[in-house]
Amino acid sequence: HDSNKDDYFHPSVHADECELGCYLTLHPEERQLLLPEKKTFKNVMTPLMGTVVHTIVQQKLLVDGRVEEEDIEIALVDEARHWRGHADLRFKGKLVDIKTMRADKFKFLKDPLPYWRYQLNPYMDAMGLNESYVLVIEMGWPFAMKEYRINKNIGLLNEVYDKWAYVAEMIKKDTPPSHADCERRYCV
């Protein structure tokens, strides 16, 4: 993932991450101290299979003439807020983010996961959209799909942008933010 190599905020990683988590993964010296995640078959195959499903959906739509090449993996950059990412798909003028989920979790999914809202709001902002869609695909037979509409939420968007501005300032000051009230992976 690009977030492992660059110093940009990435909505797919940093939008719902706490301030300290963002700081630790983006501060040039601190990120070197984080222990790399141990490679296992599971944590290699999980994102790889998600990428395969993304590609299948995107290419099927492209081959069928439903989208153009520029509608796939749209590069988004906001230099003013120092973030970047890729929108999975633009379909009929709407942003569609493709998610995959194992069958035992998929069957209980009733609402979009909170972090999807956090991720998609900066994307919608960059693309000038007020709504987007999450297409969740079950990773196993019968490969069912669920679709959720995500509306742009200015309050949530400001929360993300304010957090990123604060973290950027703390990185410049070389001062870690507090992690009180944080239950994220880097802070527990």
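Me: What does Asp-71 count as, buried or exposed?
Reply: The model is predicted, so local features need pLDDT of at least 70 and side-chain atom pairs pLDDT 80 or more, while totals for chains, interfaces and linings use all residues. Residues are numbered from 1 along each chain as its sequence is written, and side-chain values use heavy atoms, without hydrogens and water. Buried means under 20% relative accessible area, exposed over 50%, and partly exposed in between (1.4 Å probe, protein chains only). At 14% relative accessibility, Asp-71 counts as buried.

Me: Which residue forms a salt bridge with Asp-71?
Reply: A salt bridge puts a side-chain nitrogen of Lys or Arg within 4 Å of a carboxyl oxygen of Asp or Glu. For Asp-71 the closest N and O atoms are 3.0 Å apart. The partner counts as partly exposed at 27% relative accessibility. That partner is Arg-90.

Me: How many residues apart in sequence are the parts that Asp-71 and Arg-90 tie together?
Reply: Helices (H or I, at least four residues) and strands (E, at least two) are DSSP runs, numbered from the N terminus. Asp-71 lies in the loop between helix 4 and strand 1, and Arg-90 lies in strand 2, so the pair ties together parts whose separation in sequence is 19 residues.

Me: Which residue in strand 3 stands opposite Arg-90?
Reply: Strands pair if DSSP finds at least two bridges between them. Strand 2 and strand 3 run antiparallel and are joined by 3 bridges. Their hairpin has 2 residues between the strands, with Lys-92 at a positive phi near 55 degrees. Opposite Arg-90 in strand 3 stands Leu-95.

Me: Which residue in the turn between strand 1 and strand 2 has a positive phi?
Reply: Strand 1 and strand 2 run antiparallel with 6 bridges, and Ile-72 stands opposite Leu-89 in strand 2. The hairpin they form has 4 residues between the strands. In its turn, the residue with a positive phi of about 55 degrees is His-82.

Me: Which element gives the largest share of the largest nonpolar core?
Reply: A nonpolar core is a set of buried Ala, Val, Leu, Ile, Met, Phe, Trp, Tyr and Cys residues joined through side-chain atoms within 4.5 Å. The largest one has 34 residues, and Leu-95, Val-136 and Trp-164 have the most contacts inside it. Elements giving two or more residues include helix 2 (19-26), strand 3 (94-102) and helix 7 (154-173). The largest share, 7 residues, comes from helix 7.

Me: How many residues of helix 2 are buried?
Reply: The buried residues pack against helix 1 (11-14), helix 3 (30-33) and helix 7. Among them are Cys-22, Tyr-23 and Leu-24. Helix 2 is mostly covered, and of its 8 residues the buried ones number 7.

Me: Which cysteine is in contact with Trp-164?
Reply: Contact means heavy atoms within 4.5 Å. Leaving aside neighbours within four places in sequence, the partners of Trp-164 include Phe-9, Pro-11, Trp-83 and Pro-122. The cysteine in contact with Trp-164 is Cys-22.

Me: What is the N to O distance in the salt bridge of Asp-97 and Lys-99?
Reply: Side chains of opposite charge can pair when their charged atoms come close. Both Asp-97 and Lys-99 are buried. The structure holds 10 salt bridges, and in the one between Asp-97 and Lys-99 the N to O distance is 2.9 Å.
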